Structures are given as structure tokens and as C-alpha cells.
Amino acid sequence: MPRVHVDISILGNDPAYGRISGSVDVPIIPQIGNQVSFGEAQQLLRVTSRIIVANSDDEVLLSLEDIVAETASKAKTAMTLFERRHGLFAEHYSEGE
């Protein structure tokens, strides 16, 4: 199963709350415009860019569309779900804490 590195920004109406990043296994390497599902509790996130490093065995890097959270609390909940359910890393920005 291919492994890809994902990067997702968590935004609010004004502040940026943070970002989620890390590696996940996928059945195929998604193309720009494909959607990636992280399970029932998460929305589908569209691939917005794809980086393939030349002369490297590293995994493909995918930028996924931003998640917009209504409140800092909802942003924190979303980030915690990605950490616990998918083993991703949540970077909380000071504005959103």
C-alpha cells in the first residue's frame, strides 16, 4: 500500500488555528482533484497540490484543502481526531489556543 505525506491547514474566520501533517497509507496515490476521506467523522478533503521529489524514494507529498472551523474549540477537536485516529501530528498556532 502506498504511503503519502499530507498537510492540512485548520483555519477560522480570522485566525489560523494550526495544521495537521504526517504520513498515511492509501490504496492508490491520489491525484490533484481527488478526495481523501479520513472516516465518518471527517469531511472529504480534496487534494490541492502534489509534490514528487526527483531522484528520491521518499513518499509523495499532498496538500489537502483547508478545514474551516467555526471556533477554536472545534478546531482543537478536529486536530485531536486526526492525531488519535490517524496518527497525524497537530501543530497548534498560538492564535488558536
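## Strands and pairing

Two strands count as paired here if DSSP finds at least two bridges between them. That's the rule behind the opening feature of this predicted model: β1 and β2 form a hairpin, with four residues between them. Strand β1 covers residues 3-11 and strand β2 covers residues 16-25, and the two run antiparallel, joined by nine bridges. If you want one spot to look at in this pairing, try V4, which stands opposite V24 in β2.

Strand β2 has another partner too. Four bridges join β2 to strand β7 (residues 89-92), again in an antiparallel arrangement. Here G18 stands opposite H92 in β7.

## The overall picture

Stepping back, the protein has one helix and seven strands. Read along the sequence, the order is β-β-β-β-β-β-α-β.

Now for the dimensions. The C-alpha trace spans about 40 × 25 × 25 Å along its principal axes. With 97 residues, a compact globule would have a radius of gyration near 13 Å, and the protein has 13 Å, so the two agree. Of those 97 residues, 31% count as buried. The accessible surface comes to about 6000 Å², and carbon and sulfur atoms account for 48% of that. As for how the chain meets itself, take the contacts between residues at least 6 apart in sequence: 51% of them join residues at least 24 apart.

## Salt bridges around R19

How many salt bridges does the structure hold? There are four. The general idea is simple: side chains of opposite charge can pair when their charged atoms come close.

R19 is a good place to start. It forms a salt bridge with D7, with the closest N and O atoms 2.6 Å apart. This pair links distant parts of the chain, since R19 is in strand β2 and D7 is in strand β1, 12 residues apart. R19 also forms a salt bridge with E91, where the closest N and O atoms are 3.1 Å apart. That pair links distant parts of the chain as well: R19 in strand β2 and E91 in strand β7 are 72 residues apart. Put together, D7, R19 and E91 are linked in a network of salt bridges.

Are these residues buried or exposed? Each sits in the middle class, which runs from 20% to 50% relative accessible area. R19 has a relative accessible area of 26%, so R19 is partly exposed. D7 is partly exposed at 21%, and E91 counts as partly exposed at 30%.

## A salt bridge elsewhere

E70 and K74 also meet through their side chains in a salt bridge, at 2.9 Å from N to O. E70 has a relative accessible area of 58%, so E70 is exposed. K74 comes in at 47%, which makes K74 partly exposed.

## S21 and Q35

S21 is in strand β2. Its relative accessible area is 9%, and because buried means under 20%, S21 counts as buried. Which residues does S21 touch, leaving aside its neighbours within four places in sequence? The contacts are H5, V6, D7, L88 and F89. D7 is a familiar name by now, as the salt-bridge partner of R19.

Q35 belongs to strand β3 (residues 35-37). With 41% relative accessibility, Q35 counts as partly exposed. Again leaving aside neighbours within four places in sequence, Q35 is in contact with L44, L45 and R46. For a distance check, the C-alpha atoms of Q35 and V60 are separated by 15 Å, and the two residues are 25 apart along the chain.

## A nonpolar patch

On the surface, I51, V53 and L61 make a nonpolar patch of about 220 Å². L61 lies in strand β5, which covers residues 60-64. Why can L61 be part of a patch at all? Patch residues need over 30% relative accessible area, and L61 has 31%, so L61 passes that cut-off while counting as partly exposed.

Note on methods. Residues numbered from 1 in each chain as written. Predicted model: local features only at pLDDT ≥ 70, side-chain atom pairs only at ≥ 80, totals over all residues. Heavy atoms only, no water. Patch = residues over 30% accessible without salt bridge, like charges linked within 9 Å, V, L, I, M, F, W, Y side chains within 5 Å. Areas by Shrake-Rupley, 256 points an atom, 1.4 Å probe, with all protein chains shown as cover. Buried < 20%, exposed > 50% of the residue type's maximum accessible area, 1.4 Å probe, protein only. Rg over C-alpha atoms; globule rule 2.2 N^0.38 Å. Contact = heavy atoms within 4.5 Å.
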